[in-house]
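Let us work through this structure by question and answer, taking one part of the fold at a time and reasoning each step aloud.

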Amino acid sequence: MAEFWRSSGYRLLKKNADGRLLVTDDYLRLYYGRPELAPPAEAEAAERALHASLMDSPRREVLAAEIESLADPDARENYQVMLRFRARLLGAPTLEAFYAGLFHLDVAVPPDFIHHTVQVILRSLLDGTTDGLEARAAELFFRRQRVTIQEGAIMAADDEVVEVHAETGGFGSLGKLLKEGRMSTRTIELDVLNEKSAASYFERDERHDTVLQLNGEQPGNAAFCRVLERWIAHFHGVRATVKPVREIPEKDWAWHVGLDAEASSVLNEIYSGGEVDEERLKRVVGLFRMDFSDRNVLRTDFPGTAVYLGLAITPEGTLRMKPQNLLLNLPLAARL
């Protein structure tokens with residue numbers, strides 16, 4: 001069995017009978033060990049004592065006076081953020097319930113914490129997989145991508161890695177070409193993850209230095225569809241099939257969901273009869289049709305038979321997926 005995303009803390013969690021994730025003390029310790037909370041060398045005694053006590057008893061109550069006693073204002077703020085996060089985390093029955101609940105209330109949770117929660121849920125969904133393409137495709141859910149389209153090839157690379165290595169040679173010519181938007185298929189051939197090289201993903205765990213091709217029926221895009229199906233099944237308990245399409249037939253267009261802010265904006269504008277200029281349309285890098293195997297899971301007032309999904313990049317060529325849209329915006333019947 002391939003092991004991957006070791007730093008996510010997945011192995012620190014437990015599961016309930018339904019396969020949902022349960023927060024443990026060790027999982028909380030993972031957060032206390034983050035650079036924002038781990039005391040630096042110059043930290044005062046009160047900060048060190050607070051940190052040590054939480055590492056020893058991760059769920060213990062922390063009094064406001066303890067936070068106020070910290071001399072470092074950054075430390076005070078970081079602990080306040082962490083304790084609010086911990087309260088929400090422990091107040092939910094499962095990690096999945098915590099994540100879903102974030103989008104129903106106005107709660108300030110650091111984006112990094114949200115992205116990490118998505119990652120660890122996906123790590124659970126992919127546990128046991130031997131398909132590196134699925135693991136790489138899942139990164140789109142929680143890591144921003146830099147997408148370039150050249151000669152019809154839609155190539156996604158990790159945005160952070162591109163930024164770090166574009167000028168250093170650490171990522172070769174691929175990073176520089178991606179950053180400048182001049183990537184060619186030939187240049188990156190050896191770095192694109194495909195069916196033959198998929199297993200190498202696990203050998204390069206957490207390096208985020210592979211490229212995924214998102215065209216039509218390409219293996220990378222097919223893997224992305226499978227991850228979407230897993231995500232929907234896990235959160236909604238329904239089976240759906242997701243397939244790439246070239247366009248949305250007007251007669252079938254009854255419901256759509258943008259998988260990111262840009263796609264939502266473009267699809268909403270087209271659906272409402274607005275005019276979208278050619279440059280914005282070109283930034284739509286993926287269209288998908290979602291079909292549900294059981295029509296009864298859909299709302300009775302839903303007039304269609306399919307839901308269409310869109311994926312688009314910003315003018316700067318980046319893609320930040322919003323997987324929560326698949327929790328909030330599908331036309332599913334209320335579950336008892």
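Q: In what order do the 4 strands of the open sheet stand?
A: This is a predicted model, and in it 4 strands form an open sheet whose pairing is mixed. Read across the sheet, the order is S6-S8-S9-S7.

Q: Which strands stand at the edges of this sheet?
A: A strand at an edge has a single partner strand, so one side of that strand is left without a neighbour in the sheet. From one strand to the next the twist averages 25 degrees. The two strands at the edges are S6 (240–244) and S7 (256–258).

Q: How many bridges join S6 to strand S8, and do these strands run parallel or antiparallel?
A: Strand S8 covers residues 284–292, and one pair that can be found in the model is threonine 241 with its bridge partner in S8, aspartate 291. The strands S6 and S8 are antiparallel, and the number of bridges joining them is 5.

Q: Which residue in S9 is the bridge partner of arginine 289?
A: S8 and S9 pair in the antiparallel sense, and 6 bridges hold this pairing. Within S9, the bridge partner of arginine 289 is tyrosine 308.

Q: Which strands does helix H12 touch where it packs on the sheet?
A: Helix H11 packs on the sheet, where it touches S6, S8 and strand S9 (307–312), and the direction of H11 makes about 155 degrees with that of S6. Helix H12, residues 261–271, packs on the sheet as well, with a direction about 150 degrees from that of S7. The strands touched by H12 are S7, S8 and S9.

Q: Why is helix H6 described as roughly perpendicular to H11?
A: Two packed helices are described by the angle between their axes and the distance between the axes. For H6 (residues 111–125) and H11 (residues 219–236), the axes come within 11 Å and cross at roughly 95 degrees. Angles from 65 to 115 degrees count as roughly perpendicular, and therefore H6 is described in relation to H11 as roughly perpendicular.

Q: How many nonpolar residues are in the contact of H6 with H11?
A: On the side of H6 the contact is made by Val118, Ile121, Leu122 and Leu125, while H11 contributes Val227, Arg230, Trp231, His234 and Phe235. Sorted by class, these include 1 polar and 1 charged residue, and the number of nonpolar residues is 7.

Q: How far apart in sequence are the parts that arginine 123 and glutamate 3 tie together?
A: Side chains of opposite charge can pair when their charged atoms come close. Arginine 123 and glutamate 3 form a salt bridge, with their closest N and O atoms 2.7 Å apart. Because arginine 123 lies in helix H6 and glutamate 3 in the segment before strand S1 (14–15), the pair ties together parts whose separation in sequence is 120 residues.

Q: Is arginine 123 buried or exposed?
A: Its partner glutamate 3 has a relative accessible area of 24% and is partly exposed. The cut-off for a buried residue is under 20%, and arginine 123 has a relative accessibility of 0%, so arginine 123 counts as buried.

Q: Which helix holds glutamate 134, the salt-bridge partner of arginine 230?
A: The side chains of arginine 230 and glutamate 134 meet at 3.1 Å, N to O. The pair links distant parts of the chain, 96 residues apart, with arginine 230 in helix H11 and glutamate 134 in helix H7.

Q: What is the relative accessible area of arginine 146?
A: Arginine 146 meets glutamate 163 in a salt bridge of 2.5 Å, N to O. Glutamate 163, in helix H8 (residues 159–165), and arginine 146, in strand S3 (residues 145–150), tie together parts that are 17 residues apart in sequence. Glutamate 163 is partly exposed at 38%, whereas arginine 146 is buried, with a relative accessible area of 8%.

Q: Where does histidine 208 lie?
A: Most residues other than glycine have a negative phi. Histidine 208, however, has a positive phi of about 55 degrees although it is not a glycine. The place of histidine 208 is the loop between H10 and S5.

Terms used:
Residues are numbered from 1 along each chain as its sequence is written. This is a predicted model: local features need pLDDT of at least 70, side-chain atom pairs count only at pLDDT 80 or more; totals for chains, interfaces and linings use all residues. Side-chain values use heavy atoms; hydrogens and water are left out. Axes are lines fitted to C-alpha atoms, for helices over the stretch in contact, and angles run from 0 to 180 degrees between N-to-C directions. Angles under 35 degrees count as roughly parallel, over 145 as roughly antiparallel, 65 to 115 as roughly perpendicular and the rest as oblique. Contact means heavy atoms within 4.5 Å. Ala, Val, Leu, Ile, Met, Phe, Trp, Tyr, Cys and Pro count as nonpolar, Asp, Glu, Lys and Arg as charged, and the others, Gly among them, as polar. A salt bridge is a side-chain nitrogen of Lys or Arg within 4 Å of a carboxyl oxygen of Asp or Glu. Buried means under 20% relative accessible area, exposed over 50%, partly exposed in between (1.4 Å probe, protein chains only). Two strands pair if DSSP finds at least two bridges between them.
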